[in-house]
Amino acid sequence: MISIRAHLRRSKNQVFAFLVMAETTAPSAFYTLLCLVGSIILLLKLTKAVFSKRRGAAGLNLPPGPCPLPVIGNMHSLLGALPHHAMRRLARRHGAVMLLRLGHVPTVVVSSPEAAREVLKTHDAVVSDRPLYVTANILSYGGQNIAFAPSGSRQWKELRRLCATELLSPKRVLSFRPIREEAAAGLVRSVAAAAASLSPPSAVNLSEMIKVLMNDVLMRCAVGDTCPMREEFMAGLDEVLRLLAGFNLVDLFPGSRLARTLGAGSLRAAREVHERVNRIVLAIIQVLRESKQGSNDDGDRRDDILDVLLRLQRDGGLDTVLTTQVVCAVLFDVFAAGSETTATTTIWVMSELVRNPAVMQRAQSEVRQLLQGKTGVAEADVHGRLPYLQMVIKETLRLHPPLPLILPRSCSESVNILGYDIPKGTTVFVNAWAIGRDDKSWPDAEEFRPERFEDGTVDFSGTDFRFLPGGGGRRMCPGLTFGFANIEIALASLLYHFNWKLPNGANPCELDMTEAYGITARRKTELLLQATPFVPIDQ
Ligand code: HEM
């Protein structure tokens with residue numbers, strides 16, 4: 001009896017703690033909710049629920065998983081850890097296809113290459129929608145952008161075709177080369193200036209500089225050099241990513257009016273940030289239209305992504321109507337999906353290199369031998385000619401995929417995965433982070449060893465289900481080539497021009513590698529490193 005009471009007490013505490021995590025934007029509503037949920041839980045016969053067995057309705061063979069609590073389901077099982085960490089811990093106990101209930105949302109988590117293959121290949125057609133939670137609905141223009149549009153819709157198919165043939169095609173990515181080169185040179189100058197201004201030599205905030213670089217590249221490739229309200233826009237995007245991380249009350253209890261009332265704060269925040277970001281995107285479009293009206297001579301100006309979208313809007317030729325709202329939604333996709341993922345990856349690469357001096361040395365020798373005698377880094381000199389650096393990037397993506405749970409999928413029909421019935425409407429997460437760290441696929445999985453990619457058989461194409469940084473199937477990331485190009489030149493420049501170490505003679509092993517909570521797994525702390533110039537900079 002004592003242990004049941006203790007269990008109840010623990011469960012209640014977990015419920016409260018979960019709610020703290022779930023609702024941070026409406027404090028007064030949140031306290032009301034605490035009392036309400038506490039009472040509900042006490043009224044419900046918890047003991048029965050806690051110890052009840054999972055049963056499949058209508059004789060379904062549902063995947064195994066931890067017992068859900070009333071109201072919150074398994075949210076308490078995710079407490080105290082990042083979701084992808086907690087899900088790996090649970091999957092080790094319950095299996096590679098595991099059922100959770102997050103609030104009211106039935107959720108399946110897959111955590112092995114075999115199960116991922118089922119989701120991303122065998123049943124790709126059925127598991128390729130995104131769950132359009134209330135928050136995501138607001139932030140994705142009502143599911144009109146690429147990342148959230150239903151996979152059966154003509155619009156999504158046309159937008160994906162457009163990505164492949166126009167917006168993110170290899171030719172377009174190549175045309176952005178001068179932007180990347182200029183931005184990478186700017187990064188090198190910023191590091192050099194910051195390092196020179198610090199006396200005695202101290203640390204530069206490399207995280208911040210890399211974020212600025214990737215924002216700059218994405219911004220210029222997407223809309224050209226003129227972006228009104230750039231700072232405000234970037235702050236808005238950060239807020240969007242925070243809100244999209246999920247676990248808002250309204251998303252966890254989609255049918256509940258109570259949750260809607262209590263979660264009104266976060267919904268308001270989502271609407272407000274969406275309007276703010278959208279206003280800026282509209283202003284950018286306006287500036288571009290006016291600049292085009294002002295001159296009828298584009299000269300040899302390179303087309304940015306917005307140019308292409310506006311041309312298609314004007315001339316047609318798509319099997320869907322490209323309204324201004326859809327143009328805004330696509331631009332939003334490019335910024336939101338492109339900047340954070342590439343910055344996060346680059347920062348993790350530098351973190352791993354500093355922690356692994358032998359790898360750093362090999363990567364630097366490769367770049368320095370290739371560019372010997374040059375005063376700057378030109379993409380034409382390095383592209384495809386730095387095989388070890390490519391392995392380093394892959395190894396980093398294996399250990400630190402920026403989207404550790406890729407992006408959630410949703411079943412448009414019931415489906416059977418490795419013998420388990422997954423009902424229609426279930427949300428599906430692929431734990432790419434856990435799969436990349438699985439000892440069964442990767443010997444010494446937690447070790448940073450780029451050489452494991454030496455034989456060149458594992459790539460990003462989404463066909464090797466042990467390695468899924470860009471997801472897979474029809475919803476796979478359309479921007480990987482673009483992202484990789486941005487990452488490669490930034491790293492080549494940093495490694496060519498500087499030697500790197502932790503400040504104050506700290507031991508490389510001491511570098512904190514903790515991840516922050518969010519839709520992307522970025523570093524929790526800023527990466528502060530001491531940079532010593534090695535190759536003088538081309539001014
Ligand atoms: C290191 C760089 C990047 C990584 C690791 C990455 C990863 C991902 C992942 C895991 C997904 C979900 C795929 C799935 O559901 O199977 C995704 C989707 C997406 N990514 Fe990326 N991404 C990167 C860079 C970019 C860039 C640079 C862009 C564009 C500028 C971009 C645009 C998109 C879009 C539009 C989607 C949604 C696709 C859809 O739902 O149809 N990504 N990305």
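A cavity is a set of grid points where a 1.4 Å probe fits but cannot get out. This predicted model holds 3 cavities of 30 Å³ or more.

**The largest cavity**

About 910 Å³ of space lies in the largest cavity. Its lining counts 48 residues, and A337, T341, L403, C477 and P478 are the closest to its centre. Four elements each give two or more residues to this lining: α7, α11, α16 and α21. The top contributor is α16, with 11 residues. By class, the lining has 30 nonpolar, 12 polar and 6 charged residues.

**The ligand inside**

What sits in the largest cavity? The ligand does. A shell of 29 residues surrounds the ligand. The closest of these are R130, R160, R409, R475 and C477. Three helices each supply at least two residues of the shell: α7 (154–167), α16 (324–355) and α21 (480–497). The largest share again belongs to α16, which supplies 5 residues of the shell. The shell divides into 17 nonpolar, 8 polar and 4 charged residues.

**The iron atom**

Which residue of the protein is a donor to the iron atom of the ligand? The single donor from the protein is C477, through its SG atom, 2.3 Å away. C477 belongs to the loop between α20 (432–436) and α21. The same residue name appears in two earlier lists: C477 is among the residues closest to the ligand, and C477 is also among those closest to the centre of the largest cavity.

**Polar contacts with the ligand**

Oxygen atoms of the ligand also lie close to polar atoms of the protein. The table gives three such pairs.

| Residue | Polar atom of the residue | Distance to an oxygen atom of the ligand |
|---|---|---|
| W156 | side chain | 3.0 Å |
| R409 | side chain | 2.6 Å |
| G472 | backbone | 3.2 Å |

A polar contact is a pair of N or O atoms within 3.5 Å, so the 3.0 Å pair of W156 counts as one. R409 is also listed among the residues closest to the ligand.

**The largest pocket**

A pocket, unlike a cavity, is an open set of points. About 400 Å³ of space lies in the largest pocket. Which residues lie nearest its centre? They are K211, V212, N215, M234 and D238, out of 18 lining residues. Three helices each supply at least two residues of this lining: α10 (206–223), α11 (230–244) and α16. Here α11 has the largest share, with 7 residues. The lining of the pocket divides into 8 nonpolar, 2 polar and 8 charged residues.

**Putting it together**

Helix α16 turns up at each site. It supplies residues to the lining of the largest cavity, to the shell around the ligand and to the lining of the largest pocket. Helix α11 helps to line the largest cavity and also lines the largest pocket. The ligand sits in the largest cavity, and C477 is the single protein donor to its iron atom.

Notes:
Residues numbered from 1 in each chain as written. Predicted model: local features only at pLDDT ≥ 70, side-chain atom pairs only at ≥ 80, totals over all residues. Heavy atoms only, no water. Near = heavy atom within 4 Å. Polar contact = N/O pair within 3.5 Å; in protein donor to acceptor, adjacent residues only side chain to side chain. 1 Å grid on protein atoms, 1.4 Å probe; cavity = no way out; pocket = protein on both sides within 12 Å on 5 of 7 lines; lining within 4 Å. Sits in = over half its atoms within 2 Å of the grid points. Nonpolar A, V, L, I, M, F, W, Y, C, P; charged D, E, K, R; others polar. Donors = N, O, S within 2.8 Å, 3.2 Å for Na, K, Ca; no water. Points joined across faces, edges and corners; volume = space filled by probe spheres on them.
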